[in-house]
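Q: Could we go through a structure together, feature by feature, and could you explain how each one is read?

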Amino acid sequence: MSFEQFSVIESTLREGEQFSTATFSTDEKLEIVRLLNEFGAEMIELTSPLASPQSEADVRAITRMVRAEKMQTRILTHIRCKREDAVRALDTGVHGVDVVIGTSPQLMQHSHGKSIRQVIDAAGEVLSYIREQAPDVVLRFSTEDSFRSRPADLYRVYLAVADLGLVNRLGVADTVGVALPSQVSALVGQLVKLTGLDIEFHGHNDSGCAIANACAALEAGATHIDTTILGIGERNGITPLGGLVARLYTIKKSYVAKYNLKLLPRLDQLIADICDIDIPFNNYITGSSAFIHKAGIHAKAVLADPESYESINPDDFGITRGISIGHRLTGWNAIRNRANQLGLTLEDTTVQQVTQTIKARADVQPLSLPEVDDLLIAAANGVFE
Ligand code: HCA
Ligand code: CU
């Protein structure tokens, strides 16, 4: 298990740029890198310099900033398995290069048209070139669409690449979001055993398993997980940074203690603003309802001890919990708590009476907090009926 020592490869500025509404200006990219570095993201992956002239200029600007300001984070760029891509990537001065090539029948036919033999040859040529030119660069080789690849093809490619002794890391990619946690676990476990190399997992969320699959990868010995802020990426994206943090925090808080967790709300909001989307209401940790307690039974227990209904402490993320009280499911303990907050001293029987009134009125329409407050103040003044 690598829960204790995994690294995040934060790909908001690569995979995330492939999200339908994402376009990052140079200044926005620099701001995201600064914030991710402050958060503690170990690695940041950038769009290939071949994508466009500005993309290349941005890789250079970001790498320059990270080196000049001696930031901890490491900058990677992501390229196709082609020598010309490698030449351009190395010229930018990045710390690491992530090479990818499709191995599924679908991608072999429609993406690059190569056979498995040719994939292995291309990998050998490109990886050797990179190693010769840049002995210190962190080099990763990944098969795209690993889980729809024929297992015999997949292992042939991985083992051939591992045998070259050139790469630091092998990547596993669930490109179309079809893998089950058990499949991720089996493949990652095999690769750890057969190659002894660091293993990276990149999981899309088409069928809702991206976080579970990332967790399964770590349990099976993966060392690196690809994430993006809010999970943005192609289609409905990949493992979200905040979702991975929530998953690991609830196993053991110390697994994510290395990150500056209070920056997570700022990161999520920044990307939501830039991409012109809302943070989903049910988002991990930063969704608007993530720490709102409603039913009377829940509210009572949470007021006594938040842990009764919380697996995540919002304080750790600089977030305040909320208790919703103006509705038909409300309970008198929550209403009494509100009276106390207002500095009102009321008999229990009065609070219970106010609660019954709130419930009856909320059957027609939920009450706002000021409306609840007005009832409590009226009761305190003896004018409640
Ligand atoms: C892509 C595909 C990719 C690559 C992942 C990786 C995927 O957009 O280039 O390099 O590990 O999902 O397979 O994002
Ligand atoms: Cu992807």
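Q: Which polar contact does the side chain of Thr175 make with ligand 1?
A: This is a predicted model, and in it an N or O atom in the side chain of Thr175 lies 2.5 Å from an oxygen atom of ligand 1. A polar side-chain atom of Ser142 is placed 3.0 Å from an oxygen atom of the ligand, and for the side chain of Glu15 the corresponding distance is 2.9 Å. The residues around ligand 1 also include Arg14, Gln18, His78, Arg140, His202 and His204.

Q: Which protein atoms are the donors of the copper ion (ligand 2)?
A: When one reads a metal site, a general reference is that ideal angles are 109.5 degrees for four tetrahedral donors and 90 or 180 degrees for six octahedral ones. Here the protein donors are Glu15 through OE and His202 and His204 through NE2, lying 2.1 Å from the copper ion, and since water is not among the atoms, the site may look incomplete.

Q: What spacing do the donors of the copper ion follow along the chain?
A: The spacing is E-x186-H-x1-H. Glu15 belongs to the loop between strand 1 (7-10) and helix 1 (26-39), while His204 belongs to the loop between strand 7 (198-203) and helix 8 (210-219), so the pair ties together parts that are 189 residues apart in sequence. Both Glu15 and His204 are buried.

Q: How many residues of helix 8 are buried?
A: As a general idea, an α-helix has 3.6 residues a turn, so residues three or four places apart point the same way. In this case helix 8 is mostly covered, with 8 of its 10 residues buried, among them Ile211, Asn213, Cys215 and Leu218. The cover over these buried residues includes strand 6 (169-174), helix 7 (181-195), strand 7, strand 8 (224-227) and helix 9 (241-251). Just after helix 8, Gly221 adopts a positive phi of about 110°.

Q: Which residues lie on each side of strand 2 (residues 43-46), and are they buried or exposed?
A: In a regular strand the side chains alternate between the two faces of the sheet. In strand 2, Met43 and Glu45 lie on one side and Ile44 and Leu46 on the other, and all of them are buried, so that both faces are covered.

Q: Which strands pair with strand 2, and in what sense?
A: Strand 1 runs parallel to strand 2 and is joined to it by 2 bridges, with Ile9 opposite Met43. Strand 3 (residues 74-80) also pairs with strand 2 in the parallel sense, over 4 bridges, and there Glu45 stands opposite Leu76. Strand 1, helix 1 and strand 2 form a right-handed β-α-β unit, and strand 2, helix 2 (residues 53-68) and strand 3 make a right-handed one as well.

Definitions and conventions. Residues numbered from 1 in each chain as written. Chains lettered and ligands numbered in written order. Predicted model: local features only at pLDDT ≥ 70, side-chain atom pairs only at ≥ 80, totals over all residues. Heavy atoms only, no water. Donors = N, O, S within 2.8 Å, 3.2 Å for Na, K, Ca; no water. Buried < 20%, exposed > 50% of the residue type's maximum accessible area, 1.4 Å probe, protein only. Contact = heavy atoms within 4.5 Å. Pairing = 2+ DSSP bridges. Right-handed = clockwise from strand over helix to strand, strands pointing away. Near = heavy atom within 4 Å. Polar contact = N/O pair within 3.5 Å; in protein donor to acceptor, adjacent residues only side chain to side chain.
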